[in-house]
2 protein chains.
Amino acid sequence: MEKKAIVVGAGLVGSLWSIFLAQRGYKVDIYERRSDMRKEGFVGGRSINLAMSTRGWKALEKAGIAEEIKADAIAMDGRMMHAVNGETTFQPYGKEGQAIYSVSRGGLNLALINIADKHPLVNFHFDHKVSKVDKKSGSLQVTSEGITSTADASLIFGTDGAFSSVRASLQRTPRFDYQQDYLDHGYKELEIPAGPNGSFLIEKNALHIWPRGHFMLIALPNSSGSFTCTLFLPFEGPQSFEQLKTNDAIQTFFETYFADALALIPDLVKDFHENPTSTLVTIRCNPWVYKDKICLLGDSSHAIVPFYGQGMNSGFEDCTVLDEMLSEFDEDWTKTLSAFNETRIPDANAIADLALRNFIEMRDLVGDEDFLLRKKIAAWLHDKYPDRFIPLYSQVTFTHIPYSKALAEGRRQDQLFEKILAIENIHQDWKTEKVIQVFEAWEKEN
Amino acid sequence: MEKKAIVVGAGLVGSLWSIFLAQRGYKVDIYERRSDMRKEGFVGGRSINLAMSTRGWKALEKAGIAEEIKADAIAMDGRMMHAVNGETTFQPYGKEGQAIYSVSRGGLNLALINIADKHPLVNFHFDHKVSKVDKKSGSLQVTSEGITSTADASLIFGTDGAFSSVRASLQRTPRFDYQQDYLDHGYKELEIPAGPNGSFLIEKNALHIWPRGHFMLIALPNSSGSFTCTLFLPFEGPQSFEQLKTNDAIQTFFETYFADALALIPDLVKDFHENPTSTLVTIRCNPWVYKDKICLLGDSSHAIVPFYGQGMNSGFEDCTVLDEMLSEFDEDWTKTLSAFNETRIPDANAIADLALRNFIEMRDLVGDEDFLLRKKIAAWLHDKYPDRFIPLYSQVTFTHIPYSKALAEGRRQDQLFEKILAIENIHQDWKTEKVIQVFEAWEKEN
């Protein structure tokens, strides 16, 4: 049989997966609804920066572009919290030398398309909209310039994002479980421009957070010296997008809650009106595959909210996991897709849950005394027993431990810290033998 | 403004709701994808009989056809359980005189269409497929005989079932939460024909259940003397549809688990092959409404599994609740639809949960000693204190108490019976003062 595949969607995961397929000797046709971004230019204003971490880097190494991307990425060693009064506190993400990396979504996508396009087996078809997939025959309806034709392939990959038309076709078939859940919050992008000579006006190597309970502002550095800011805010309610319709209301809101940031965002009111207010959705489904023919990857099967910085990382990990399984099963697609479906869905559900949970942490808990102490004790334990205790955040961000295992372990860690934080005078003195005893007792229980 | 509405789908809920609208003076156009069942005849083989109960009757009374339907319905006073050895046990559903009624889905749909069609304000358009709804403009794309046209109305009701195209249009708009979950079980219809002269070969006034743990067979009486049987069975696994591909396998399966029923189903093997194996889905979504323009009713917004006999009843109750709210808000549709959305979604979620939970009860617990004792004690308490204690099943089936309230009360009843069943020697002697004491203490707590 000819080694041939169709990939629907030339976003981050689709472009990357095409490279993996071509490396295995598959002829790949990629259909992309949008125009070639290399001609059109990248349209900003709708996409928060990406935070690349260990799972993402692994996939890029395999694709051979990790170094190129890293050259332009900015290490974020921790969170910089901004209190209402302007005071800042820094919380490292991991151990010395561990960081997540701020990467431009557009730049990364461009690099992936370029590297895929260089491969003689990969063919891009931009401005081609896939409207329907017939799972039994394995054929697609593709429309370009008003003309609809049919494309066939024994293998079809749906990497067409949260509103995937490949998934929409599967959704109409029996026994396809599907769920889309929106947050009551939306988000809007704003910008802190670079200072003189491309300087950074706030700490460069940090992810900045202005946590305000039910809402928050964040900022990620760009290599140009600017920061991409994102405001997460409820659509309705006392503090909400609904309330911020006038210039005055916007200005007052920022003066009240984000005074230090306001001073750095010159185009606040203009950007606020011009940039869209976007939604935040979690998508889950089952199955992701159909026999040896169809497979969904990335957001098309598991879109998540951005609060753990794992959306792109988990999509990229889909590619490495699927690639490893293909080797394990000697490219028997029936066995591979079945195994992928079996193990990967629980992992995707776990990171979806973790991302929702981290929203509460970011906007609410990062200022909480107990929470901050817990973070400190966790780092201390991890430092003392690097293999015996890995904090949940580190497992997700700096290892390849399956998400579902990390989530389960995180729940056990919650129990540990409940006990530790109940120790008398723990806030006064926490580097104690008592903490070690509680830790060792907990370790034995598990 | 002209009082005008479009109803999409001429099934049970759509036909009924058209009658309600016409009674309020609205001109109604109903678009139905299928042909007129009055010409085509009703196609069986895919639909278990309906069990009409209090909520359903209320809506039919309002439509003026309760008596006509009741004349052809068969009262089922309780469950008749069939053990593997053929022994039967009867469990009344409620108090003396309380029953649920076996009704033919086709017959009921026909009666509703006829009564709606008699109304000069109602116009049926059969063989008209609605493919798209534009919520902003309030227009529909309707295709009939290959010609697609646009229909407009200030009011659109989606009563087009679990695979609703009105809902599918809403689903593609931001902030629409949606969930479809399939059971691992499917179902298949079979038939016990009438005996000589239309006689009933098993107890007429009962819903028959052959509970077998992970699967079950049920039978509901028809006025002709026959019974419509439904086999609920996993799709895959040791006892499953997947295993029942040959005549021998089917025959042996029924001999092993349903010997007494097998003797009454002459066409078992033929029907088993010819009738489809259907799926069981739960659908939830939010919102059900759009401003003052669009409203989903019945399965289109809340399809549930059939194990509480409340699918049609809850859809009919949608109509009575919405109609009552219209009176309350003087036909202000913005206020009405908003209030309907607010209160009805939690009720729909509650009956969805209850229906899933009842599957376990029906297939597994109806043979359990503790469960049977609980049912007896519940009936005794209800008899003793008719207003102070109403069993969950009776609340759902024989009252208009909102489903969400019934579910919450059911959870409290679980706590009561945990305490009662923990009383020493309760299985030997349960009509005791001790039970009353536990009940009264529980009552005070709540």
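Two strands are said to pair if DSSP finds at least two bridges between them. In this predicted model, strand E13 of chain B, residues 177-192, takes part in several such pairings, which are described before the charged residues of the structure are considered.

Within chain B, E13(B) pairs with strand E17 of chain B, residues 278-286, in the antiparallel sense, and 8 bridges connect the two. One position along this pairing is given by Asp181(B), whose bridge partner in E17(B) is Thr282(B). E13(B) is also joined by 8 bridges to strand E16 of chain B, residues 227-234, and these two strands likewise run antiparallel. Here Leu190(B) has Cys229(B) of E16(B) as its bridge partner. A further pairing crosses from one chain to the other: strand E13 of chain A, residues 177-192, is joined to E13(B) by 3 bridges, again in an antiparallel arrangement. In this contact between chains, Tyr178(A) stands opposite Gln180(B) of E13(B). In a regular strand, side chains alternate between the two faces of the sheet. Strand E13 of chain B is mostly covered, since 12 of its 16 residues are buried.

Attention now turns to salt bridges. Side chains of opposite charge can pair when their charged atoms come close. Over all chains, a search of the whole structure finds 48 salt bridges. One of them joins Asp323(B) to Arg24(B), with the closest N and O atoms 2.8 Å apart. Asp323(B) belongs to helix H11 of chain B, residues 311-328, whereas Arg24(B) lies in the loop between helix H1 (12-23) and strand E2 (27-31) of chain B; the pair therefore ties together parts that are 299 residues apart in sequence. Asp323(B) is buried, because its relative accessible area of 8% falls under the 20% limit. Arg24(B) also counts as buried, at 18% relative accessibility.

Helix H11 of chain B supplies a residue to another salt bridge as well, in which the side chains of Glu324(B) and Lys58(B) meet at 3.0 Å, N to O. Glu324(B) lies in helix H11 and Lys58(B) in helix H3 of chain B, residues 54-63, so this pair links parts that are 266 residues apart in sequence. Glu324(B) is partly exposed, at 42% relative accessibility, and Lys58(B) is partly exposed at 31%. Elsewhere in H3(B), Arg55(B), Gly56(B), Trp57(B), Ala59(B), Leu60(B) and Ala63(B) are buried. The helix is followed by Gly64(B), whose phi is positive, near 85 degrees.

A salt bridge is also formed between Asp29(B) and Lys27(B), whose closest N and O atoms are 3.3 Å apart. Asp29(B) is buried, with 11% relative accessibility, while Lys27(B) is partly exposed, with a relative accessible area of 29%. In chain A, salt bridges link Lys3(A), Arg24(A), Lys62(A), Asp323(A) and Glu331(A) in a network.

Charged residues also form patches on the surface. A patch of positive charge gathers Arg33(A), Lys129(A), Lys132(A) and Arg172(A) together with Arg33(B), Lys129(B), Lys132(B) and Arg172(B). The elements giving two or more residues to this patch are strand E9 (129-134) of chain A and strand E9 (129-134) of chain B. Arg172(B) is found in the loop between helix H6 (165-171) and E13 of chain B. This arginine, Arg172(B), counts as exposed because its relative accessibility of 56% is over the 50% limit.

A negative surface patch is formed by Asp364(A), Asp368(A), Glu369(A) and Asp370(A). Of these residues, Asp364(A) is found in the loop between helix H12 (333-363) and helix H13 (369-384) of chain A. Asp364(A) is partly exposed, with a relative accessible area of 40%.

A final position concerns chain A. Phe124(A) is found in strand E8 of that chain, residues 122-125, and is buried, with a relative accessible area of 14%. Phe124(A) and Gln413(A) are separated by 289 residues in sequence and by 46 Å in space, C-alpha to C-alpha.

Notes: Residues are numbered from 1 along each chain as its sequence is written. Chains are lettered from A and ligands numbered from 1 in the order in which they are written. This is a predicted model: local features need pLDDT of at least 70, side-chain atom pairs count only at pLDDT 80 or more; totals for chains, interfaces and linings use all residues. Side-chain values use heavy atoms; hydrogens and water are left out. Patches are made of residues with over 30% relative accessible area and no salt bridge: like charges are joined within 9 Å, nonpolar side chains (Val, Leu, Ile, Met, Phe, Trp, Tyr) within 5 Å. Accessible areas come from the Shrake-Rupley method with a 1.4 Å probe; for residues, only the protein chains shown count as cover. A salt bridge is a side-chain nitrogen of Lys or Arg within 4 Å of a carboxyl oxygen of Asp or Glu. Lys and Arg count as positive and Asp and Glu as negative; His and the chain ends are not counted. The place of a charge is taken as NZ of Lys, CZ of Arg, CG of Asp or CD of Glu. Helices (H or I, at least four residues) and strands (E, at least two) are DSSP runs, numbered from the N terminus. Buried means under 20% relative accessible area, exposed over 50%, partly exposed in between (1.4 Å probe, protein chains only).
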